[in-house]
Amino acid sequence: MENTFEDKRLPVTSIKSGEGIEAAPDIYCLTLQIVNVVFVGEVSNPQGWVLVDAGMPRSADEIIQAAEKRFGTVPPRAIVLTHGHFDHVGAVIPLLKRWNVPVYAHELEIPYLNGMQDYPPADPDADTGLVAKMSPVFPNEGIDLGSYLRKLPSDGSIPELQNWRWIHTPGHTPGHISLFRDEDKALIAGDAFVNVKQESLYKVIMQTPEVNGPPKYFTTDWEAAQISVRFLEGLQPSLAVTGHGRPVSGQELAEGLRTLSEHFEERAMPGKK
């Protein structure tokens, strides 16, 4: 395995960094600087929990501490990645060295996770916000997870995570996925859409809630991104934990997703404020 991010430190954080929110009894969202990781599993059944995404570089200790506070010393059954951008895999290799568990991702994301391919560099002209303007300093390298890496089953199931299914939601990256639980319509959206305007430095720091499209500076296929948002809106989720911003639910989520879906070009696509 090779970690290309150990020497990287993002010069941006939010007032919510280090805070956790129990979005549901078995869904715990932890903010690390400006990104979220999600612990899925019942506290009463620590043998069955799964980590979704792996946060910022150098955040492994915070993730481990939060996990042990919630589940004791029991490691997760697996790590599931919504995609492989640096802020979603930043701590994955230290975590694997500690936990020795499989990592699951969509087959189209595999080249970015086995050391074969890098993501396109960030586009600072995608938006006028200061985070967008500083985005060229964000790492775009792929990462090599070696023998830990597994391809998600084609039937939509998620190994080690019963009652959930993965949904291919490309656009932000080719193999981006979201996770959905039909019984209560809980959604882990990754960066298919987010609940903060990720390009704005002020809104990122303050974590101002606003259902918005995927981070513009790293999104590569806007037609696919729009289709993904419309599909997720059609699921009528009751709760969404997104890669950036606080969890959102109920009417706030429904209205935010509907507005984003209906006005995607104006609200989400590059060149728009």
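Reader: In this predicted model, is Val 131 buried or exposed?
Author: Buried means under 20% relative accessible area, and Val 131 has a relative accessible area of 1%. The residue belongs to helix α5. By that cut-off, Val 131 is therefore buried.

Reader: Which residues does Val 131 touch, not counting residues up to four places away in sequence?
Author: From its place in helix α5, Val 131 has a C-alpha 9.8 Å from that of Lys 197, although the two residues are 66 apart in sequence. Leaving aside residues up to four places away in sequence, those that Val 131 touches are Phe 138, Gln 198, Glu 199, Ser 200, Leu 201, Val 204 and Tyr 217.

Reader: How far apart in space are Asp 221 and Ser 135, C-alpha to C-alpha?
Author: Asp 221 is found in the loop between α6 and α7, and its relative accessibility of 37% makes it partly exposed. In sequence, Asp 221 and Ser 135 are 86 residues apart, while in space the C-alpha to C-alpha distance is 18 Å.

Reader: Gln 207 has a positive phi although it is not a glycine; what is the value of that angle?
Author: Most residues other than glycine have a negative phi. Gln 207, which sits in the loop between α6 (201-206) and α7 (222-234), is buried with a relative accessible area of 6%. Its phi is positive, at about 55 degrees.

Reader: Where does Asp 53 lie?
Author: Asp 53 also has a positive phi, near 70 degrees, in a residue other than glycine. With a relative accessible area of 3%, Asp 53 is buried. Its position is in the loop between β4 (50-52) and α1.

Reader: Which element gives the largest share of the largest nonpolar core?
Author: In soluble globular proteins, nonpolar side chains tend to be buried together. Here the largest nonpolar core has 44 residues, of which Phe 39, Ile 79, Val 92, Leu 95, Trp 99 and Leu 145 touch the most other members. The elements that give two or more residues to this core include β2 (27-32), β3 (35-40), α1 (60-71) and α3 (92-99). The largest share, 6 residues, comes from α1.

Reader: Which residues does Trp 99 touch, not counting residues up to four places away in sequence?
Author: Trp 99 is one of the residues that touch the most other members of the largest nonpolar core. When residues up to four places away in sequence are not counted, Trp 99 touches Trp 49, Leu 51, Ile 63, Ile 64, Ala 67, Pro 75, Pro 76 and Ile 79.

Reader: How many residues are in the second, separate core?
Author: Apart from the largest core, there is a second, separate one that includes Cys 29, Ile 158, Ile 188 and Leu 239. The number of residues in this second core is 21.

Reader: What radius of gyration does the chain have, for its 273 residues?
Author: The chain has 9 helices and 12 strands, and its C-alpha atoms fill a box of roughly 45 × 40 × 35 Å along the principal axes. Buried residues make up 58% of the 273 residues. Because a compact globule with 273 residues would have a radius of gyration near 19 Å, the value for the chain agrees with that expectation, at 17 Å.

Reader: How far apart are the mean positions of the positive and negative charges?
Author: The accessible surface of the chain comes to about 11,200 Å², and 48% of it belongs to carbon and sulfur atoms. The chain has 24 positive and 36 negative charges, and the distance between their mean positions is 4 Å.

Conventions
Residues are numbered from 1 along each chain as its sequence is written. This is a predicted model: local features need pLDDT of at least 70, side-chain atom pairs count only at pLDDT 80 or more; totals for chains, interfaces and linings use all residues. Side-chain values use heavy atoms; hydrogens and water are left out. Helices (H or I, at least four residues) and strands (E, at least two) are DSSP runs, numbered from the N terminus. The radius of gyration is taken over C-alpha atoms; the globule rule is 2.2 Å times the number of residues to the power 0.38. Buried means under 20% relative accessible area, exposed over 50%, partly exposed in between (1.4 Å probe, protein chains only). Accessible areas come from the Shrake-Rupley method with a 1.4 Å probe; for residues, only the protein chains shown count as cover. Lys and Arg count as positive and Asp and Glu as negative; His and the chain ends are not counted. The place of a charge is taken as NZ of Lys, CZ of Arg, CG of Asp or CD of Glu. A nonpolar core is a set of buried Ala, Val, Leu, Ile, Met, Phe, Trp, Tyr and Cys residues joined through side-chain atoms within 4.5 Å. Contact means heavy atoms within 4.5 Å.
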